[in-house]
Amino acid sequence: MQEKKATMHALEVKQLTKSFQGKEIVKGISLTVERGQLLALLGPSGCGKTTTLRMIAGLEIPDNGEIWIDGTIANRGNKILIPQKQRHIGMVFQDLALWPHMKVYENIEFGLSANKIPRAERKKKIEEVLNKVNMQKYSREYPGRLSGGQQQLIAIARAIVTEPKLLLMDEPLSNIDIRLREEIRQEIRRIQHETQITTVYVTQDQEDAFLLASKVAVMNKGIIEQTGTPEEIYNSPISPFIAHFIGESNMINIKVLGKDRVLTPWGELDCNTKGRSAGNAILFFRPHQAKIEKGGQYEGVIISRDFIGGVYRYHILTSGENILLEDNNFYESEHKVRFTFDKKEILPF
Amino acid sequence: MQKQLTLSFSFTFFLCLTCLPIVWMFGNSIYEDGSFSFDYYRDILFTGRYVKIIANSLILASITTMLSALMGVSAGFFLAKTNLPLKSFFKICFFIPLIIPSYTIGIAWVNLLGKSGFLNTQLAHYLHLSSETISDFIYSTYGAAFILSINLFPVIMLVTEYSLKNLSPRFEESGLVTGSSFHVLRRITLPLITPAIISGIMIVFVLSLSEFGIPSLLQINVLTTQIFTQFSAFYNEKAATAIAFPLIVITIIIIIFEYIYLHGKSFEILGRKPARNSIQYHNKWLLVGGTIFFTFVLFICVFIPLLTLILNIRTLTSFHDAFLLAKKGIINSIQFSSIGATFLTFAGFLLGYLSEKVQFKLKNSTSTFIWIFFAVPATVIGIGLIKLYNRPGMFFQNVYGSLWIIIIGYMARFLPLSTRIQTNYLKQIPYSLEEAGSTTGATWFQVLGKIVFPLQFNGIIATWLICFIFCIGELGTTILVYPPGHETLPITLFTIMANSPDDIVSALSIIIVFMTLLPLGIFLSISRYITRITISVTS
């Protein structure tokens with residue numbers, strides 16, 4: 001008898017852990033994904049994101065924790081309650097794993113015939129899915145004859161043709177060049193939007209995560225450090241790791257003196273300390289959140305300048321700290337400038 | 001569940017087939033008249049005569065290994081690192097001594113260097129040696145080592161060539177920036193491939209230690225021939241088992257040493273074939289030296305022995321007589337080897353899958369454990385099978401008195417080999433290809449049938465042919481277990497060798513050579529037409 005829940009997330013993971021050879025890779029992570037949502041699991045390599053995905057797929061057995069798919073429990077601890085092949089999951093692998101001895105049509109057909117779908121229905125579904133990914137004319141080709149981008153689309157078609165409850169994607173864009181990456185990313189977004197398949201997308205690329213996902217979970221060393229919309233993650237990181245991992249950032253050691261009062265290299269400042277008690281902390285702001293202006297509060301010297309297309313990025317030495325600023329105007333190196341912050345956050349030390 | 005059951009069954013099958021007879025045999029040798037006794041072992045380990053036999057075995061294996069390493073490493077280097085003319089032709093020819101049974105080369109060289117042999121008379125004349133001195137050489141441990149190294153050097157040649165060809169060129173190129181090519185060869189290339197060469201050397205040592213055919217032909221007193229004598233001549237199977245004991249111990253020590261030595265050695269350099277070729281040596285003198293060396297090896301190892309056998313036959317009547325004499329043996333050999341190869345391929349596939357594709361705690365130990373059994377001497381397996389199957393009871397008697405005991409013998413001897421070949425082919429199929437199948441809801445059998453089998457097709461064909469070739473030439477186990485009326489071709493040859501004319505013996509040897517080379521020829525011709533499926537999964 002399968003255990004079911006009244007409150008149904010499309011996917012719910014509770015306190016999942018997994019160790020390999022005595023080393024804990026996933027350390028009790030929890031997350032939820034709603035129906036039709038695309039969640040990006042973002043983190044550096046080795047942080048446990050692929051292991052988490054493989055546990056959801058049933059390819060790895062967790063040590064502890066629970067996985068609920070569509071309100072039904074799939075495993076409790078290391079006890080498998082729904083075997084992998086009954087989880088109705090589609091998966092796109094990092095190396096795509098297209099079967100080289102089967103034509104595109106046969107690659108897509110495999111899952112349907114394994115599930116005993118009648119031939120006529122199979123044909124219809126395959127045509128539909130090939131239309132969806134705009135690959136109709138390649139159905140009789142072997143995957144080895146297709147370009148990298150076309151192979152990506154076939155891998156996606158194969159994963160969604162069985163109309164899975166959950167689509168899992170394991171860094172599918174990691175091996176293709178930047179230009180093609182952008183195109184395929186748009187295609188993934190379109191296909192996911194049209195099919196409304198609940199998707200978990202594993203990536204170490206912030207751009208992939210932010211452009212595709214409505215919700216991002218950032219993983220580090222086996223735990224999820226923050227979950228939120230891309231804007232929340234970017235603008236209000238809650239840990240130095242996230243601040244550093246996502247985009248360019250300035251992080252300066254400071255001391256919290258009391259409520260909304262901090263000691264910085266530029267002297268004492270008023271700043272929202274978010275209830276933090278007195279002690280060491282980090283002042284965080286993005287390069288674009290400070291600007292150079294004549295009447296600015298703080299002074300520094302430009303050490304170097306990079307042109308990054310559209311704007312200049314300046315390395316500024318100020319009160320013994322090196323900070324990064326972005327500005328549209330051109331300033332010479334060793335030029336003295338004044339600047340102010342638009343926004344700043346206090347992070348734990 | 002399908003997967004667990006099938007694989008557990010295949011491993012249990014392996015244990016029953018290969019492990020059980022040997023354990024049974026050793027168990028029996030220490031249990032006599034209702035109590036445990038180590039008398040036979042005491043006799044073996046503490047008497048001068050047996051110490052000498054053990055030393056003889058070790059000397060034979062050591063000299064064979066040294067000669068094979070010398071020839072194999074050089075040949076492998078020339079194949080991988082130079083563009084010698086007719087390289088592919090030489091390579092195919094050098095395969096021949098490995099594939100044909102060692103005793104056929106032995107028979108040829110005995111014919112040449114024996115007392116009235118052609119080469120014996122010529123050497124005696126030109127080198128002013130006595131005919132006995134030369135024939136004493138071929139009937140000595142050194143002569144046996146010479147013939148065995150002809151048979152086994154291709155193992156080291158292949159390992160060397162493979163590792164040199166698969167060595168990433170970046171290691172050598174980064175050395176070439178600062179040093180000469182020979183400096184790079186000495187300081188970078190050779191040290192990088194040493195673990196692979198050591199592994200090849202160990203295999204050759206173990207195989208020459210457990211060789212029965214050549215020592216038996218040349219009447220060299222080593223452990224394997226002693227086991228056979230004790231069993232067949234004196235019917236003393238307990239003494240035979242006790243003699244097998246040091247052989248097994250030495251083999252296990254060597255394999256453990258190899259395992260420890262190679263453990264953690266960086267084999268990632270030998271991954272997939274790199275996109276670019278490794279650096280080549282174009283030195284003129286090296287090419288001249290290589291060509292002379294290749295020609296010399298070709299003559300010693302292939303042309304001279306095969307030509308001797310062919311010239312010995314003289315008339316077609318000898319062939320006719322040989323055919324009549326060995327007709328039953330030929331039919332039996334083809335029949336038994338085909339059945340044996342089919343079972344070996346099937347069981348080897350499952351065991352290869354178990355040791356390569358299934359994650360479990362003792363995964364690495366399992367593949368080493370299976371491989372250890374390839375080193376068990378054929379005669380030991382033979383005695384083990386007799387001990388286990390020669391007993392009252394309908395099942396045992398039905399097996400023992402039929403062709404199935406020979407098939408079981410083939411399986412016990414070559415299952416580790418077929419497992420190893422299949423494992424190497426299975427390594428090339430990424431895990432994700434199977435996982436992609438199972439996430440679609442397919443059962444393990446569906447994944448196996450539609451994904452793994454088709455991708456493994458070349459490996460399955462290769463395994464079948466290699467097993468067929470090895471079964472055709474098998475002597476050490478079959479000679480002990482074959483029931484009356486079930487003699488194979490090698491047994492016919494061994495039986496008639498002592499009292500038949502040279503031309504018949506040579507004709508039979510040529511028939512065995514033909515029967516082993518024919519499948520290889522077929523494989524080489526059709527392999528071009530088998531679609532080579534390149535696993536072009538983006539990685």
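Colleague: What makes you say that H17(B) is mostly covered?
Modeller: Bear in mind that this is a predicted model. In it, 12 of the 12 residues of H17(B) are buried. The bar for that word is 20 or more other C-beta atoms within 10 Å of the residue's own. The residues that clear it include B:Ala378, B:Gly382, B:Lys387 and B:Tyr389.

Colleague: Okay, and what do those buried residues of H17(B) pack against?
Modeller: A whole set of helices in chain B: H1 (2-29), H12 (223-232), H13 (237-262), H18 (394-400), H19 (403-426) and H23 (478-481).

Colleague: How do you know that the length of H17(B) agrees with what a helix should span?
Modeller: Just do the check. H17(B) covers residues 378-389, which is 12 residues, and at 1.5 Å a residue it should span 16 Å. The count used is one less than the number of residues. The end C-alpha atoms are 16 Å apart, so the two values agree.

Colleague: Which residues touch the most other members of the largest nonpolar core?
Modeller: Six of them, all in chain B: B:Ile227, B:Leu385, B:Cys467, B:Cys471, B:Leu508 and B:Ile511. That core has 137 residues, and B:Leu385 is also one of the buried residues of H17(B). A second, separate core has 96 residues, including A:Leu16, A:Leu41, A:Ile191 and A:Leu283.

Colleague: Back to B:Ile511. Which residues is it in contact with, leaving aside neighbours within four places in sequence?
Modeller: B:Ile511 is in contact with B:Ala322, B:Ala326, B:Ile330 and B:Leu489. Contact here means C-beta atoms within 7 Å.

Colleague: Why is B:Ile429 called buried or exposed, whichever it is?
Modeller: B:Ile429 has 20 C-beta neighbours inside 10 Å. The cut-off is 20 or more, so B:Ile429 counts as buried. You'll find B:Ile429 in the loop between H19 and H20 of chain B. Its C-alpha atom is separated by 41 Å from that of B:Val288, 141 residues apart along the chain.

Colleague: Now the place where the chains meet. How many residues does each chain give to the contact?
Modeller: Chain B gives 23 residues and chain A gives 23 residues. On the side of chain B that touches chain A, helix H20 (431-439) and helix H21 (444-455) each supply at least two residues. H20(B) gives the most, with 7 residues. That side divides into 10 nonpolar, 11 polar and 2 charged residues.

Colleague: What makes A:Asp70 stand out in its phi?
Modeller: Its phi is positive, about 55°, although A:Asp70 is not a glycine. Most residues other than glycine have a negative phi. A:Asp70 is found in the loop between strand E4 (64-69) and strand E5 (72-76) of chain A.

Colleague: And why is A:Asp70 called partly exposed?
Modeller: A:Asp70 has 18 other C-beta atoms within 10 Å. Buried needs 20 or more and exposed needs 12 or fewer, so A:Asp70 lands in between, as partly exposed. A:Lys221 passes through that check too: with 15 other C-beta atoms within 10 Å, A:Lys221 is partly exposed. Its phi is positive, near 45°, and its place is in the loop between strand E10 (215-220) and strand E11 (223-228) of chain A.

Colleague: How do you know that E4(A) and E5(A) pair?
Modeller: Pairing takes at least two bridges, and 4 bridges join E4(A) to E5(A), which run antiparallel. One bridge links A:Trp68 with A:Ile73 in E5(A). Both strands sit in an open sheet of 5 strands, in the order E2-E1-E4-E5-E6 (chain A).

Colleague: What makes E2(A) and E6(A) edge strands of that sheet?
Modeller: Strand E2 (23-33) and strand E6 (79-80) of chain A each pair on one side only.

Colleague: In which sense do E8(A) and E9(A) pair, parallel or antiparallel?
Modeller: Strand E8 (166-170) and strand E9 (198-203) of chain A pair in the parallel sense, over 5 bridges. One of the bridges has A:Met169 partnered with A:Tyr201 in E9(A). These strands belong to an open sheet of 6 strands, E7-E8-E9-E3-E10-E11 (chain A), with mixed pairing.

Technical notes: Residues are numbered from 1 along each chain as its sequence is written. Chains are lettered from A and ligands numbered from 1 in the order in which they are written. This is a predicted model: local features need pLDDT of at least 70, side-chain atom pairs count only at pLDDT 80 or more; totals for chains, interfaces and linings use all residues. A nonpolar core is a set of buried Ala, Val, Leu, Ile, Met, Phe, Trp, Tyr and Cys residues joined through C-beta atoms within 7 Å. Two residues are in contact if their C-beta atoms, placed from the backbone, lie within 7 Å. Ala, Val, Leu, Ile, Met, Phe, Trp, Tyr, Cys and Pro count as nonpolar, Asp, Glu, Lys and Arg as charged, and the others, Gly among them, as polar.
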